Amino acid sequence: FETFLAMNGRDGVNAATKQMPDLIIMDLSMPEMDGWTATRLIKGNKATASIPLIALTAHALPSDRKRAFDAGCDENITKPMDLIDLLETVRDFVGKS
């Protein structure tokens, strides 16, 4: 997979619009703009709404999971995560490369 990194939620929203990635893995706790807000902006933009978005977060409570899905996340993975499981989830959304 080819990847790029955004250091905060605001940059993530801008990068999603410019890069139009096949998938976004979103940290929910970020500076400047949290991942929930960034997700709502990405999913609320007609140009980026169809990009699959996986929350990768330490927020592990059922209410946190619901909040992630309510924001528009397509999947929610809690830290610590298993790399193999993460890769399988990514492949489920973007196919095998």
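In this predicted model, the side chain of Thr 39 has a polar atom 2.7 Å from the backbone oxygen of Gly 35. Thr 39 is found in helix α2, and with a relative accessible area of 0% it counts as buried. Setting aside neighbours within four places in sequence, the residues in contact with Thr 39 are Met 26, Leu 53, Ala 71, Gly 72 and Cys 73.

A second threonine makes a similar kind of link to a backbone oxygen. The side chain of Thr 48 reaches the backbone oxygen of Ile 42, here at 2.6 Å. Thr 48 sits in the loop between α2 and β2, the strand that covers residues 53-57. Despite that loop position, Thr 48 is buried, at 1% relative accessibility. Apart from neighbours within four places in sequence, Thr 48 is in contact with Ala 16, Thr 17, Met 20 and Ile 42.

Several of these partners turn up again in the nonpolar interior. The largest nonpolar core holds 16 residues, and Ile 24, Met 26, Leu 28, Ile 42, Leu 53 and Ala 68 are the ones with the most contacts inside it. At least two residues of this core come from each of α1 (9-19), β1, α2, β2 and α3. Helix α2 gives the most, with three residues. Leu 53 offers a good view of the surroundings: leaving out neighbours within four places in sequence, Leu 53 is in contact with Ile 24, Met 26, Thr 39, Ile 42, Lys 43, Cys 73, Asp 74 and Glu 75. There is also a second, separate core of six residues, including Ile 54, Leu 56, Leu 86 and Val 90. As a rule, in soluble globular proteins, nonpolar side chains tend to be buried together.

Not every nonpolar side chain is tucked away, though. Phe 1, Phe 93 and Val 94 make a nonpolar surface patch of about 250 Å². Phe 93, one of the three, belongs to helix α4 and is partly exposed, at 32% relative accessibility.

Turning to charged residues, side chains of opposite charge can pair when their charged atoms come close. The structure holds five salt bridges, among them one between Lys 79 and Asp 27, whose closest N and O atoms are 3.8 Å apart. Lys 79 lies in the loop between β3 (75-78) and α4 (83-94), while Asp 27 lies in the loop between β1 (24-26) and α2 (35-44), so this pair ties together parts that are 52 residues apart in sequence. Both ends are partly exposed, with relative accessible areas of 39% for Lys 79 and 27% for Asp 27.

Another salt bridge joins Glu 75 to Arg 65, again with 3.8 Å between the closest N and O atoms. This pair links distant parts of the chain, ten residues apart: Glu 75 is in strand β3, and Arg 65 is in helix α3, which spans residues 62-71. Glu 75 counts as partly exposed at 25% relative accessibility, and Arg 65 is partly exposed too, at 38%.

Helix α3 also carries a pair of its own. Asp 70 forms a salt bridge with Lys 66, and the closest N and O atoms are 2.6 Å apart. Because Asp 70 and Lys 66 are four residues apart in helix α3, about one helical turn separates them. Asp 70 is exposed, with a relative accessible area of 55%, and Lys 66 counts as exposed at 52%.

The backbone has a few quirks worth a look. The peptide bond that runs from Lys 79 to Pro 80 is cis, with omega near -5°. Pro 80 is placed in the loop between β3 and α4, and Lys 79 is the residue already met in the salt bridge with Asp 27. Two residues other than glycine have a positive phi, starting with Met 20, where the angle is near 45°. Met 20 is found in the loop between α1 and β1 and is partly exposed, with a relative accessible area of 38%; this residue is also one of the contacts of Thr 48. In Glu 32, phi is about 70°, although the residue is not a glycine. Glu 32 is found in the loop between β1 and α2, where the residue is exposed, with a relative accessible area of 58%.

Notes. Residues are numbered from 1 along each chain as its sequence is written. This is a predicted model: local features need pLDDT of at least 70, side-chain atom pairs count only at pLDDT 80 or more; totals for chains, interfaces and linings use all residues. Side-chain values use heavy atoms; hydrogens and water are left out. A salt bridge is a side-chain nitrogen of Lys or Arg within 4 Å of a carboxyl oxygen of Asp or Glu. Buried means under 20% relative accessible area, exposed over 50%, partly exposed in between (1.4 Å probe, protein chains only). A polar contact is a pair of N or O atoms within 3.5 Å; within protein, one must be able to donate a hydrogen and the other to accept it, and residues adjacent in sequence count only if both atoms are side-chain atoms. Contact means heavy atoms within 4.5 Å. Patches are made of residues with over 30% relative accessible area and no salt bridge: like charges are joined within 9 Å, nonpolar side chains (Val, Leu, Ile, Met, Phe, Trp, Tyr) within 5 Å. Accessible areas come from the Shrake-Rupley method with a 1.4 Å probe; for residues, only the protein chains shown count as cover. A nonpolar core is a set of buried Ala, Val, Leu, Ile, Met, Phe, Trp, Tyr and Cys residues joined through side-chain atoms within 4.5 Å.
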